[in-house]
Amino acid sequence: EFDRDKARELIEKQDELSQQVGLPCILDVIGSTEKALITYLEFVAEITDAPILVDSMSPAVRMAAVKHFSNSEVMDRLIYNSIDEHFTEEELEAIAQSGIKNAVVLAFSNKAVKPKAKLKLLQNKLLPAAEKAGVENILLDPGVLDLASTGWTGAAIEQLKETYESYPVGCAPANAIYTWKRSKGLTSPAFESIAGGIFSYLIARGADFIFYGPIGIANWAFPACAISEAVCSYEKRLEGIRPKTADNPLNKYI
């Protein structure tokens, strides 16, 4: 059970902000049990047309959820989150049987911390696994270990984009940021300014997506990301590169 009115309000606010600043959005829906995750996904799918991440700490819960939505109208919008180094053959088979074609591939490992090691992990293990699972649309996530190593993540993003030009590349700095916030006892506005700086840094390094954290912070996360995206877009004019659509932060937010 959850506060449906409050959830609806937050989701609609994110959609509104997305339109205002010209940044597309997705929702990362997390459930600890099969029943919970399916219930949340059904609710969210009725409210927004945005893509939805199918997320859980339990692979069994994720597998059950995608199986539930197999052959449904919602399936095209679902993104399996994620295929990581701990995948099993059972999980890959479940993904394939469900028919889901979208997934995050997470190159996060204590044995692959530096950019070159992450690239090797993707090439040798994770991308072949995604192919075996029938995934066609891949979002690459090199992972974020802690706040300091965000710099290594930025370097990994650049390297992955050079190697795999057709794949969106991004990451989820939220966990590292919130862990650091608790350790330092940060309060507003210091926390927001630091988090906004991290988001902007990653976008400047080429990140195509940012998992920014709880949807309740969308009111400042979207402007922070939009202004960085707009400035980066303007810089690209020096190379003769312009946004493909009119609905972008450079046109809508500056």
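**From D84 to the cores and the surface**

Leaving aside neighbours within four places in sequence, D84 makes contact with two residues, L106 and L126. The model described here is predicted. D84 sits in a loop, the one between β3 (78-83) and α4 (89-98). With a relative accessible area of 18%, D84 counts as buried, because the cut-off for that class is under 20%. The side chain of D84 also reaches back to the main chain of the protein: the backbone nitrogen of H86 is at 2.9 Å. For a sense of distance, take G196, which lies 112 residues from D84 along the chain; the C-alpha atoms of the two are separated by 27 Å.

The strand β3 (78-83) before this loop leads to the nonpolar interior. Which residues have the most contacts inside the largest nonpolar core? They are L41, L78, I83 and F199, in a core of 76 residues. L78 can be followed further. Not counting residues up to four places away in sequence, L78 touches L41, I52, V54, F69, I100 and N102. Apart from this core lies another, of 6 residues, including I79, L139, F209 and F211.

Helix α3 (residues 59-68) has a run of buried residues: V61, R62, M63, A64, A65 and V66. In general, an α-helix has 3.6 residues a turn, so residues three or four places apart point the same way. The buried residues of α3 are covered by elements that include α2 (34-47), β2 (52-55), β3 and α4. Two of these, β3 and α4, are the elements on either side of the loop that holds D84.

Further along the chain, S233 belongs to helix α9 (residues 218-235). Is S233 buried or exposed? S233 is buried, since its relative accessible area is 12% and the limit is under 20%. Its contacts, not counting residues up to four places away in sequence, are with I241, P243 and L250.

The last stop is on the surface. I227, V231, Y253 and I254 form a nonpolar patch there, and together they have about 370 Å² of accessible area. Of these residues, Y253 is placed in the segment after α10 (249-252). Y253 has a relative accessible area of 34% and is therefore partly exposed, because that class lies between the 20% limit for buried and the 50% limit for exposed. Y253 thus contrasts with D84, which is buried at 18%, and with S233, which is buried at 12%.

Technical notes. Residues are numbered from 1 along each chain as its sequence is written. This is a predicted model: local features need pLDDT of at least 70, side-chain atom pairs count only at pLDDT 80 or more; totals for chains, interfaces and linings use all residues. Side-chain values use heavy atoms; hydrogens and water are left out. Helices (H or I, at least four residues) and strands (E, at least two) are DSSP runs, numbered from the N terminus. Buried means under 20% relative accessible area, exposed over 50%, partly exposed in between (1.4 Å probe, protein chains only). Contact means heavy atoms within 4.5 Å. A polar contact is a pair of N or O atoms within 3.5 Å; within protein, one must be able to donate a hydrogen and the other to accept it, and residues adjacent in sequence count only if both atoms are side-chain atoms. Patches are made of residues with over 30% relative accessible area and no salt bridge: like charges are joined within 9 Å, nonpolar side chains (Val, Leu, Ile, Met, Phe, Trp, Tyr) within 5 Å. Accessible areas come from the Shrake-Rupley method with a 1.4 Å probe; for residues, only the protein chains shown count as cover. A salt bridge is a side-chain nitrogen of Lys or Arg within 4 Å of a carboxyl oxygen of Asp or Glu. A nonpolar core is a set of buried Ala, Val, Leu, Ile, Met, Phe, Trp, Tyr and Cys residues joined through side-chain atoms within 4.5 Å.
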